[in-house]
Amino acid sequence: METKYSLALGLTLLFSCNGNDDKSDAFGNFETEETIISSETTGKLIHFPLELGDQVLAGDLLAVVDTNQLSLQIKQLEAEKQAVATKRVNIGSQADVLKEQIANLKITQDRIARMFADKAATEQQLDDVNGQMRVLEKQLKSTDTQYVSVNSELDVIDARLDLAMDNLKKCFIRTATPGMVLEKYVEPGEVVSPIKAIVKLGDLSELDLRVYVSGAQLSEIKLRQEVEVLVDQDEDNNRSLKGEISWISSKAEFTPKIIQTKEERVKLVYAVKVKVKNDGSLKIGMPGEVKFKEVVSNK
């Protein structure tokens with residue numbers, strides 16, 4: 001009787017230990033970094049071909065806001081710039097004429113000055129040519145001032161053109177990151193603005209399983225540690241995947257109501273993210289479990 005009792009007790013303990021080993025260490029749900037994209041300008045959405053589930057790459061064109069008004073504004077500014085540039089050419093031509101006149105008058109001025117020194121010209125003649133020279137020099141100075149003014153006007157137009165071109169560029173909405181279209185908030189023909197989201201993207205090639213652990217479990221985990229991730233395969237079985245711890249919170253928080261914990265009476269837990277490659281079966285919000293001590297084999 002004693003032998004049978006010892007055997008039964010041993011089997012009970014063995015099954016009890018195996019049962020504890022089968023328990024997962026943490027529970028949570030899958031999530032991903034989501035990107036909400038808005039328009040940077042206000043206008044009618046004239047091109048928005050995306051559908052839910054579409055995959056986009058970094059730099060892909062997502063939508064186009066009406067560019068008609070900006071295109072007309074740019075044409076107007078370019079015409080103004082051309083007119084001011086023509087004015088600049090005319091002023092330059094006037095300056096060249098004045099410089100030529102001054103050069104010719106300089107020859108006459110020097111000749112009369114020599115003649116006056118030889119008493120072959122009168123003082124009135126010398127005063128007249130000097131006066132003409134002063135008039136031409138003032139006219140050239142005035143022309144140079146106009147030239148500076150025109151250059152400033154061109155700079156202002158160039159700045160307005162740069163602004164209009166930048167606004168035109170903002171009409172073509174592109175994504176900086178790859179991902180899948182998770183949500184659409186507008187349709188073609190609607191008026192969009194910088195405060196109105198148009199689409200939500202998420203990269204589903206890798207998902208994060210956010211789980212919560214107690215302080216006692218922190219010693220079991222570290223960054224880049226490989227762990228076993230379990231997801232439901234059917235009502236009775238789980239499917240095992242390989243995951244890697246990518247983030248461990250440095251702050252404790254109260255246990256979320258929707259999350260189970262290994263120790264029921266734990267009040268404070270730490271959030272942990274486990275990165276898992278998605279074979280297409282993982283979905284955002286899907287529940288998952290983690291075993292920290294049992295690492296999936298690389299084979």
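Which residue stands opposite glutamate 226 in S12? The partner is glutamate 244. This is a predicted model, in which local features need pLDDT of at least 70 and side-chain atom pairs count only at pLDDT 80 or more, while totals for chains, interfaces and linings use all residues. Residues are numbered from 1 along each chain as its sequence is written, and side-chain values use heavy atoms, with hydrogens and water left out. Helices (H or I, at least four residues) and strands (E, at least two) are DSSP runs, numbered from the N terminus.

**Strand S11 and its partners**

- Strand S11 covers residues 226-232. Two strands pair if DSSP finds at least two bridges between them.
- S11 runs antiparallel to strand S12 (residues 238-254), and 7 bridges join them.
- S11 and S12 form a hairpin, with 5 residues between them.
- S11 also pairs with strand S14 (residues 287-291), in the antiparallel sense, over 3 bridges. Here leucine 230 stands opposite glutamate 289.
- S11 is mostly covered, with 5 of its 7 residues buried (under 20% relative accessible area; exposed is over 50%, partly exposed in between; 1.4 Å probe, protein chains only).
- Aspartate 232 belongs to S11. This aspartate is exposed, at a relative accessible area of 54%.

**A negative surface patch**

- Asp232, Asp234, Glu235 and Asp236 form a negative surface patch.
- Patches are made of residues with over 30% relative accessible area and no salt bridge; like charges are joined within 9 Å, and nonpolar side chains (Val, Leu, Ile, Met, Phe, Trp, Tyr) within 5 Å.
- Asp and Glu count as negative, Lys and Arg as positive; His and the chain ends are not counted.
- The place of a charge is taken as CG of Asp, CD of Glu, NZ of Lys or CZ of Arg.
- Accessible areas come from the Shrake-Rupley method with a 1.4 Å probe; for residues, only the protein chains shown count as cover.

**Two open sheets**

- One open sheet has 4 strands in the order S2-S9-S7-S4, with antiparallel pairing. Its edge strands are S2 (34-38) and S4 (55-56), each pairing on one side only.
- S4 runs antiparallel to strand S7 (residues 179-184), and 2 bridges join them. Valine 56 stands opposite glycine 179 in S7.
- Another open sheet, also of 4 strands, has the order S6-S5-S3-S8 and antiparallel pairing. Strands S6 (172-174) and S8 (191-192) stand at its edges with a single partner strand each, so one side of each has no neighbour in the sheet.
- Strands S3 (residues 43-47) and S5 (residues 61-65) run antiparallel and are joined by 2 bridges. Leucine 45 has valine 65 as its bridge partner in S5.

**Salt bridges**

- The whole structure holds 15 salt bridges (a side-chain nitrogen of Lys or Arg within 4 Å of a carboxyl oxygen of Asp or Glu).
- Lysine 200 and glutamate 34 meet in a salt bridge at 3.5 Å, N to O. The pair links distant parts of the chain, 166 residues apart: lysine 200 is in strand S9 (residues 197-202) and glutamate 34 in strand S2.
- Lysine 200 is buried, at 16% relative accessible area. Glutamate 34 is partly exposed, at 40%.
- Glutamate 153 and lysine 87 form a salt bridge at 4.0 Å, N to O. Glutamate 153 is in helix H3 (residues 123-170) and lysine 87 in helix H2 (residues 68-117), so the pair ties together parts 66 residues apart in sequence.
- Both are partly exposed: glutamate 153 at 34%, and lysine 87 at 39%.
- Glutamate 206 and lysine 277 form a salt bridge, with the closest N and O atoms 3.1 Å apart. Glutamate 206 lies in strand S10 (residues 206-213) and lysine 277 in strand S13 (residues 268-277), so the pair ties together parts 71 residues apart in sequence.
- Glutamate 206 is partly exposed, at 30%, whereas lysine 277 is exposed, at 62%.
- Glu31, Glu33, Arg210 and Lys273 are joined into one network by salt bridges that share partners.

**A contact from helix H2**

- Glutamate 78 is found in helix H2 and is partly exposed, at 45% relative accessible area.
- Glutamate 78 and aspartate 158 are 8.8 Å apart in space, C-alpha to C-alpha, and 80 residues apart in sequence.
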